[in-house]
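Biologist: I would like to learn how to read a structure step by step. Could we take it feature by feature, with the general idea ahead of the case?

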Amino acid sequence: MDEVIINAIGLRCPMPIILAAKQLPKIAVGQSLTLLADDPAAAFDVPAWCRMTGQELTSSQGSTFVIKKTS
Amino acid sequence: MSHEVGFDSDQPLHPKARQVLLAAFDAGWADPRRRSKDAAQARGLVQGAKESLAAGLGIRSDELFLVGEGSLAPVLALEGALASRSGTLVTSQVERAEILMIAASRPGSITISVDQAARIDLAELAGALESGAGVLSLQAANGEVGTRQPLVEASELATLRGVPLHIDLGLAAGRTKLPENWSYLSADAKSWAGPTGLGIYAIKTGARWRYPWATTQERHEVGSYSIPLALAAAAALEGWQEDERNESERIRSFIALIRQAAAAVPDVEVVGDPFDRLSNILTFSALYCDGESLVEEFAKEGFVVGSGSACTSDQLQPSHVLAAMGALTHGNVRIHLPHFVTDEQIQRFCNLIPIAIENVRKRLI
C-alpha cells in the first residue's frame, strides 16, 4: 500500500492533529501514516493525541511523526 | 447579555481590604525608617500588618518581609538563599517562569520531571539532592492545573540531605499547611484577593540568606513599599481565609460538577490530580479545538476563563506545565472559581461546555 503522508508544515495546532484525525479512518489497522508538522506545540500534542485516541506513535524526529493505527 | 463572570485567576480586591486601604492612606504615609512621630505610627502599622500576615500564613512575624511587587517575592527569596551558599539549584519542570529562568542561568541546576498529574517525581528528587544541591525550590501547588506537590515528603528528603527548601506558595497561599522544615517562602497578596503590587517572602529563623542585589549595607528588604498596600493585604488575607472556610466545600462540589460536564464531552481530557489539589481550579483540554476560540465562546456567554494553549500566549510556545505533564496543549481551558459563585452560574457554565466545544469543532473540522 502507498505511504500516507500528511503535510501540515506551517499550520498551527490543532490543525495538524485535525488533518491526521481525518486521514485515520481511511487507512487500515496496522498501517501507518506520516505527519509533517513544525508547529512547536505538535511535539507535545501529537503524542497526547495518540495517547488519548489509542494510536501508537512509532517514531518522532523533528517535524516528522509516524503514527501506526492500532484500533 | 448578563454581567461578566470571572472564572480566571484574576480576582477583585476583597471588600475588607478596600475599607482598610482608604483609611491607611491617611495614617500610613510616613517613612517608617525615620524618627518622627508619624514615622513611629507608620512603623506600628507595618508591624501590625506583618503580624497579621504572619498569623494568616502560619509563620512568625519577624521571619516575614515585604517587597513592592508580587512576582519579585519568589525571586528574592530564592536568589538570597542561593547567594548565601554554594551548590546547585534543584527545582521542577512545572515552576513559574521566573524560577525556571534562575535555574537556566545557573550551570548544574536540575529541573526534575513530573508525572501526568504534574506531581514531582520523588525518586528523581532524592537522586537530584545527592549531587551537590544547594537549595530546593518547589511550588506548593501548580497554579495552572491545581495539583498540590508532596511538600512533606519533599521536605523530609531535603532535610535528610541538609538542603534547605524554598516553597513558592503561589495560589496555595493562605490555604496550605506548611511542612515543619521549610527555610524560605514566597507569596503574592493577589492570590488571596489582596492588592496588586505586594510580594511577601519569609526567611525562617536560623536559615542562611544574603541580600542578592547591589547594596551598601546588610538588608533583608529592597527598600520602601506601600504601607497602605501592606495593611490592605493583611485585611484581605483575614477576610479571604474566612470566606475560604465558609465556601471551600461548596466550591469543591461545583468543581466536581464542572469536571463531570467536561469529561462527558468526547475527546476531552481533564488534567491535574483529581483529589490532592487546590479546590477551586479545574483545567481541561479538548481535542480538535484551539484554546483561543474556546475562550471566545465562553466570553460570548459572559464567562472569563483562562487557557494554556500556545495561541493564547504571546509566544508560539504552549504552557510548559501542560507540556511537562504530556497533556494536550491545544484546546485548553482553565477555570478558577471565585468565592460566592452561584448555583445558577455553575449550571449555566456546565451547560455551555459541550456547546462551546462543539461550536469550535464545527468550524475547524
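Modeller: We will go through a sheet, a pair of domains, a core and the contact between chains. Please keep in mind that this is a predicted model.

Biologist: Let us begin with the sheet in chain A; in what order do its four strands stand?

Modeller: As a general idea, strands of a sheet pair through backbone hydrogen bonds, and they may do so in a parallel or an antiparallel way. In chain A the four strands form an open sheet in the order β1-β2-β4-β3, with mixed pairing. Because β1 (4-7) and β3 (56-61) of chain A stand at the edges with a single partner strand each, one side of each is left without a neighbour in the sheet. From one strand to the next, the twist averages 20°.

Biologist: How many bridges join β3(A) to strand β4 of chain A, and do the two run parallel or antiparallel?

Modeller: Five bridges join β3(A) to β4 (residues 64-68) of chain A, and these strands run antiparallel. To follow one pairing by eye, start at A:S59, whose bridge partner in β4(A) is A:V66. Helix α2 (residues 42-53) of chain A packs on the sheet, where it touches β2 (32-36), β3 and β4 of chain A, and its direction makes about 170° with that of β3(A).

Biologist: Turning to chain B, which domains does the assignment give?

Modeller: The domain assignment gives domain 1 (5-10 + 247-364) and domain 2 (15-239) of chain B. Their centres, taken over C-alpha atoms, are separated by 28 Å. Where they touch, 18 residues of domain 1 of chain B are in contact with 18 residues of domain 2 of chain B. On the domain 1 side of chain B, α9(B) gives the largest share, four residues, and by class that side has seven nonpolar, seven polar and four charged residues.

Biologist: Where does the largest nonpolar core lie with respect to these domains?

Modeller: This core has 132 residues, and B:L136, B:Y201, B:L231, B:A233 and B:A236 are those with the most contacts inside it. Helix α7 (residues 227-263) of chain B supplies the largest share, 17 residues. Domain 1 and domain 2 of chain B both give residues to the core, so it lies between them. Leaving aside neighbours within four places in sequence, B:A233 is in contact with residues including B:L53, B:A189 and B:L198.

Biologist: Finally, how many residues does each chain bring to the contact between them?

Modeller: Chain B brings 20 residues and chain A brings 14 residues. On the side of chain B that touches chain A, the residues divide into twelve nonpolar, five polar and three charged.

Conventions. Residues are numbered from 1 along each chain as its sequence is written. Chains are lettered from A and ligands numbered from 1 in the order in which they are written. This is a predicted model: local features need pLDDT of at least 70, side-chain atom pairs count only at pLDDT 80 or more; totals for chains, interfaces and linings use all residues. A nonpolar core is a set of buried Ala, Val, Leu, Ile, Met, Phe, Trp, Tyr and Cys residues joined through C-beta atoms within 7 Å. A residue is buried if 20 or more other C-beta atoms lie within 10 Å of its own, exposed if 12 or fewer, and partly exposed in between; C-beta atoms are placed from the backbone. Domain bounds come from an automatic or database domain assignment. Two residues are in contact if their C-beta atoms, placed from the backbone, lie within 7 Å. Two strands pair if DSSP finds at least two bridges between them. Axes are lines fitted to C-alpha atoms, for helices over the stretch in contact, and angles run from 0 to 180 degrees between N-to-C directions. Ala, Val, Leu, Ile, Met, Phe, Trp, Tyr, Cys and Pro count as nonpolar, Asp, Glu, Lys and Arg as charged, and the others, Gly among them, as polar.
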